[in-house]
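Trainee: I've got this model open and I'd like to go through one part of it slowly instead of skimming the whole thing. Could you pick a strand, walk me through its neighbours, and then follow the packing outwards?

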Amino acid sequence: MERYEIEAFLTLVEELHFGRAAERLRISTGRMSQTIAKLERGIGARLFERTSRRVALTPLGCRFHDDLRPGHEQIERAVGKAIMAAQGFDGPLHVGFLGAAGGRFLLEVVRAFRAEHPTSEVDLQEFQMNTSIAGLRAHNSDLVLVTRPFADPDLVIGPTLWAETRYLALPREHPLASRTEIGQEDLADVTLLRMPANCPPSVAEDRVPSRTPAGRPIAHGRPATTFLEALALVGAGEGAFTVGDQVNRFYVRPDVSYVRIADAPPIEWGLIWRKAHETERVRAFNDRAVALSRTRTAS
């Protein structure tokens, strides 16, 4: 028995109409009739009762369908898994993220990705400022959603998914905290908390610059290892910290004020992954994230 005969039989069982079944399989109605007739000759009995008005299974056809369907579904699953494995879609995909906004966005991406690749597993994991890149390099994640800029020849830097307005987190009692916005030159009047020691230099310099655009020095304070630790230190008066506008939705605190840095560039977010471990599945997940980000921007 050929595979096309099995598919023709199962499709006709679902449609009980030769024309519709043939259309689903993209063959002619005559070819469908010939295929079913050949199958019945091989079995030695009719599987369908045909009249000018209806098509129905015979008792033997019903038993044949009940026996055939589970085996066919198992074969289809096996073939699908083999194809997915060959394309690099086998096994769980580990995706890391930083912060509430990143996690919320990735949940949407995962739902869309699973709709396209239902047999692919996706495991989300929250990282901290001091573990995101280390987790990627230690193979704890396949992709990580992080802020920019990055300059690393071993990493693939995906397109920017979104950008958020840059703010400065200040202690509530700081003189600048009462203002609606500040400029980059005002950073010379605060002490910026430092990023973790293992933070990429390009990201550290972007978030904790050493000088203002006019060249005025900016004081640096103690390092923070996690984002929540940085906000706690700000609230305790230990310094200030550069943040994105997601803080106004997810990180409201009574002891911290967020003031927009009017002339500063936005903070950009995107996925990164190891160049040596790039797979079709990694690229497909990034493509889905890019498509979703453009939809959100357009809306």
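**One strand and its surroundings**

Mentor: Let's start with strand β3 (residues 92–97) and β5, which pair in the parallel sense over three bridges. Two strands count as paired here if DSSP finds at least two bridges between them; strands themselves are DSSP runs of E with at least two residues, helices are runs of H or I with at least four, and both are numbered from the N terminus. Before we go on, bear in mind that this is a predicted model, so local features need pLDDT of at least 70 and side-chain atom pairs count only at pLDDT 80 or more, while totals for chains, interfaces and linings use all residues. Numbering runs from 1 along each chain as its sequence is written, and side-chain values use heavy atoms, with hydrogens and water left out.

Back to β5, our strand of choice. On the β3 side, Phe97 sits opposite Leu145 of β5. On the other side, β5 (residues 143–147) is joined to β13 by five bridges, and these two run antiparallel. You can trace that pairing residue by residue: Leu143 has Trp273 of β13 as its bridge partner, Leu145 stands opposite Leu271, and Thr147 is matched with Trp269.

How enclosed is β5? Five of its five residues are buried, so the strand is largely enclosed by the rest of the structure. (Buried means under 20% relative accessible area, exposed over 50%, and partly exposed in between, with a 1.4 Å probe and protein chains only.) As a rule, side chains in a regular strand alternate between the two faces of the sheet. In β5, Leu143, Leu145 and Thr147 point one way, Val144 and Val146 the other, and all are buried.

Now step across to β13 (residues 267–274). This strand is mostly covered too, with seven of its eight residues buried. Besides β5, β13 pairs with strand β6 (residues 155–164), antiparallel, over seven bridges; Leu155, for one, has Arg274 of β13 as its bridge partner.

Put these strands together and you get an open sheet of five, ordered β4-β3-β5-β13-β6, with mixed pairing. The edges belong to β4 (121–126) and β6, each of which pairs on one side only. Ignoring direction, neighbouring strands in this sheet are turned by 20° against each other on average. Helix α5 (residues 99–116) packs on the sheet, touching β3, β4, β5 and β6, and its direction makes about 180° with that of β4. Contact means heavy atoms within 4.5 Å, and angles run from 0 to 180 degrees between N-to-C directions, with axes fitted as lines to C-alpha atoms (for helices, over the stretch in contact).

What about the packing beyond the sheet? Leu145 and Leu271, the pair we just met across β5 and β13, both turn up again in the largest nonpolar core, which has 66 residues: along with Phe105, Leu168, Phe241, Tyr258 and Phe285, they touch the most other members. Helix α10 (residues 280–298) gives the most to this core, six residues. By nonpolar core I mean a set of buried Ala, Val, Leu, Ile, Met, Phe, Trp, Tyr and Cys residues joined through side-chain atoms within 4.5 Å.

Leu168 leads you on to another sheet. Setting aside its neighbours within four places in sequence, Leu168 has contacts that include Ile182, Phe241, Tyr258 and Ile261. A second, separate core of 17 residues exists as well, with Ile6, Leu10, Leu47 and Val55 among its members.

Follow Ile182 and you'll find it paired with Ile261 of β12. Two bridges join β8 to strand β12 (residues 256–261), running parallel. Those strands belong to an open sheet of four with the order β8-β12-β7-β11 and mixed pairing. At the edges stand β8 (181–182) and β11 (241–244), each with a single partner strand, so one side of each is left without a neighbour in the sheet.

So for your own tour, start at Leu145 with Phe97 on one side and Leu271 on the other, then go to Leu168 and its contact with Ile182.
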